[in-house]
Amino acid sequence: MDECKLISNVFKCLSHPIRLRIIKLLSKEKLSVLEITEKLNTSQSSISQHLKLLEENGIILKEKKGNIVYCKLKHNLVLELLSDGKRIISQELKEANNIIRKA
């Protein structure tokens, strides 16, 4: 698979609000699937599907301890990427605000 396709898959994986919320939760601590489900007030099947995509795209790691599956971020680099996204949004909002003020 070519590099552009791989990068595209990562961005597609990051394009869902629930997956971004999962990443935000995991940026603080390792959590079980049940804990993630409870914190996001979403069905376990939905969370499991999102976690599968995050794992397949190299965003998270899963660790099974007994009957409990724990998740953690695989690379903190994803947090830098999300931070860059926030900076882009902030800059766009500033520019829009300047345009509105000048109108």
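## Helices α3 and α4

In this predicted model, helix α3 (residues 33-40) and helix α4 (residues 44-56) cross at roughly 115°, and their axes come within 9 Å. Since angles of 65 to 115 degrees count as roughly perpendicular, α3 is therefore roughly perpendicular to α4. The crossing of these two helices is right-handed.

On the α3 side, the residues in contact are Val-33, Ile-36, Thr-37 and Leu-40; on the α4 side they are Gln-44, Ile-47, Ser-48 and Leu-51. By class, the residues of this contact of α3 with α4 are five nonpolar and three polar, with no charged residue.

## Helices α2 and α4

Helix α4 also packs with α2, at an angle of about 75° and with the axes 10 Å apart. The two helices, α2 and α4, are therefore roughly perpendicular to each other.

From α2, the contact draws on Ile-18, Arg-19, Ile-22 and Ile-23; from α4, it draws on Ile-47, His-50, Leu-51, Leu-53 and Leu-54. Seven nonpolar residues, one polar residue and one charged residue make up the contact of α2 with α4. Ile-47 and Leu-51 of α4 appear both in the contact with α3 and in the contact with α2.

## The sheet

Three strands form an open sheet with antiparallel pairing, in the order β1-β3-β2. Strands β1 and β2 (60-65) are the edge strands, and each of them pairs on one side only. In general, the strands of a sheet pair through backbone hydrogen bonds, in either a parallel or an antiparallel arrangement.

Strand β3 (residues 68-73) pairs with β2 in the antiparallel sense, over six bridges. One residue pair in this region is Lys-64 and its bridge partner in β3, Val-69. Helix α2 (residues 17-26) packs on the sheet and touches β1, β2 and β3. The direction of α2 makes about 90° with that of β3. Helix α2 thus has contacts with the sheet as well as with α4.

## Ser-32 in strand β1

Ser-32 is found in strand β1, which covers residues 31-32. Its relative accessibility is 6%, and because buried means under 20%, Ser-32 counts as buried.

Leaving aside residues up to four places away in sequence, Ser-32 touches Ile-68, Val-69 and Tyr-70. Val-69, one of these contacts of Ser-32, is also the bridge partner of Lys-64.

How values were computed:
Residues are numbered from 1 along each chain as its sequence is written. This is a predicted model: local features need pLDDT of at least 70, side-chain atom pairs count only at pLDDT 80 or more; totals for chains, interfaces and linings use all residues. Side-chain values use heavy atoms; hydrogens and water are left out. Helices (H or I, at least four residues) and strands (E, at least two) are DSSP runs, numbered from the N terminus. Buried means under 20% relative accessible area, exposed over 50%, partly exposed in between (1.4 Å probe, protein chains only). Contact means heavy atoms within 4.5 Å. Two strands pair if DSSP finds at least two bridges between them. Axes are lines fitted to C-alpha atoms, for helices over the stretch in contact, and angles run from 0 to 180 degrees between N-to-C directions. Angles under 35 degrees count as roughly parallel, over 145 as roughly antiparallel, 65 to 115 as roughly perpendicular and the rest as oblique. A crossing is left-handed if the near helix is turned anticlockwise from the far one by less than a right angle, and right-handed if clockwise. Ala, Val, Leu, Ile, Met, Phe, Trp, Tyr, Cys and Pro count as nonpolar, Asp, Glu, Lys and Arg as charged, and the others, Gly among them, as polar.
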